[in-house]
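Welcome! Here is a short briefing to help you find your way around a structure you have not met before.

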Amino acid sequence: MATVPRQHITQRKIAEHVQRLGELYPPIRLDSVDRTIKRPDLVARKFGHVIDYLARVELEVDRNVLELLCLLPDLDDTNKTFYADVWQPQEIQHGLVLDRLTQDLGRPPATPHLEVSFGIKILGALATLKPVQDIARLLYFLTGASTERQAVLTYNQFNDALKELGETAISETIITPIKQQEPGHFAFYQMSATAMVQDKVLKPWQLFVARVLRERSYHLVGTNSMKQYTADVGGVMVDLGFDADLQGYSREVGRVETRLLWAHKQGMDFPPYILKALRESVDLYRERLERGLKLA
Ligand SMILES: [Fe+2]
Ligand SMILES: [Fe+2]
C-alpha cells in the first residue's frame, strides 16, 4: 500500500537525531533576547495577531504533553527523551519569549488552553487496546509532522517580513533562534511516522481506520477544533500572504501523510482535507472581518 521510503529509518537513527537536537539547541533563554523594537506600533498593527497566535500555541505545549501521556502512556525511551528533554523545554521557551514580545508591543498576555479535551480522554481510554494504540501513535506522529511543518513555514515567512521592516532585533534574537529549532521537531515526527509505515507496524485495517480518522479530525495547528481559533489561524495565513497559494501550502504541509497514508491514490497531490481546512480558516477570518466592518 504505502511507498517504500528511499532511506530506511531505524530506531537508532531516530534516537541519534533526538540526542543531536538536545545538544545543538538548548532552550532559548529570555535574557538572550534583544528587546529593541524600532516601530512597535507598526509591528503591532501588521503582525500583532500573528504573534498572539504563535505565543498561545507555543505555550499550549504543556497541554500537548498531557494529551500525549493520555493517548500514549507506553512511550519508549526515545519518545520520552524527545518530549521531556528536547521538545517541551524548547517549545515553552518559544512561548515565553513570544509572549513577552506581545506584551512589549502593548498587547495582553496570551491565554493558552491547558485543559485536555473530552475527546482526547475518550480516545485515551480506547487506546489502552494495543491495536488502537498503534493507530493513535501513527496519527500522533502525522499530526506532529503537519503542525511542525506549519511552524517552519510560518516562522520563515514571518522572519522575512520582519527583516523587510528592519526589525533586526526581533528577527535575529527571537524568530531566527526559534526557526532553527522547528525543522528538528518536524524531522522527528516525520521519521517516526515513516518508520511505523515502513516496518508495517499497522495492518491494512488499522491503516484504513487511520485514514478515516485523519480525514475526519484534521485541523490546522493550534485551532483546538474551535471556530474562533480557526478564524485566527486564517488571519495568520492572510497576514503572512499564504492565502495567495493555498494549494502549494497544502502540498508542503501534507507531504508526509500523502506519502505514508495515501500513496495508493495515484496522482494525489495532497489530501483534500488539508486544503478544505485551510479554505475554511481563511473564509472564517474574512467573514469575521466583514462582520467587524459592518459593525464599525
Ligand atoms: Fe515552537
Ligand atoms: Fe516545534
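Glu-58 and His-94 are both buried. In this predicted model, the two residues join distant parts of the chain: Glu-58 sits in helix α2 (residues 40-59) and His-94 in helix α4 (residues 77-104), 36 residues apart.

**The iron ions**
- The iron ion (ligand 1) has its protein donors at 2.0 to 2.4 Å, and these are Glu-58 (OE), Glu-58 (OE), Glu-91 (OE), His-94 (ND1) and Glu-182 (OE).
- Along the sequence, the donor residues of the iron ion (ligand 1) follow the spacing E-x32-E-x2-H-x87-E.
- A bridge is formed by Glu-91 between the iron ion (ligand 1) and the iron ion (ligand 2), and these ions lie 3.6 Å apart.

**The fold**
- You will find 11 helices and zero strands in the protein chain.
- The C-alpha trace of the protein chain spans about 55 × 45 × 35 Å along its principal axes.
- A compact globule of 296 residues would have a radius of gyration near 19 Å, so the 19 Å of the protein chain agrees with that.

**Inside and contacts**
- Of the 296 residues in the protein chain, 52% are buried.
- Among contacts with a separation of 6 or more, 85% are between residues 24 or more positions apart.

**Surface and charge**
- About 14700 Å² of the protein chain is exposed, with carbon and sulfur atoms supplying 55% of that area.
- The protein chain carries 37 positive and 38 negative side chains, and the centres of these two sets are 5 Å apart.

Notes. Residues are numbered from 1 along each chain as its sequence is written. Chains are lettered from A and ligands numbered from 1 in the order in which they are written. This is a predicted model: local features need pLDDT of at least 70, side-chain atom pairs count only at pLDDT 80 or more; totals for chains, interfaces and linings use all residues. Side-chain values use heavy atoms; hydrogens and water are left out. Helices (H or I, at least four residues) and strands (E, at least two) are DSSP runs, numbered from the N terminus. The radius of gyration is taken over C-alpha atoms; the globule rule is 2.2 Å times the number of residues to the power 0.38. Buried means under 20% relative accessible area, exposed over 50%, partly exposed in between (1.4 Å probe, protein chains only). Contact means heavy atoms within 4.5 Å. Accessible areas come from the Shrake-Rupley method with a 1.4 Å probe; for residues, only the protein chains shown count as cover. Lys and Arg count as positive and Asp and Glu as negative; His and the chain ends are not counted. The place of a charge is taken as NZ of Lys, CZ of Arg, CG of Asp or CD of Glu. Donors are N, O and S atoms within 2.8 Å of the metal (3.2 Å for Na, K and Ca); water is not among the atoms, so sites may look incomplete.
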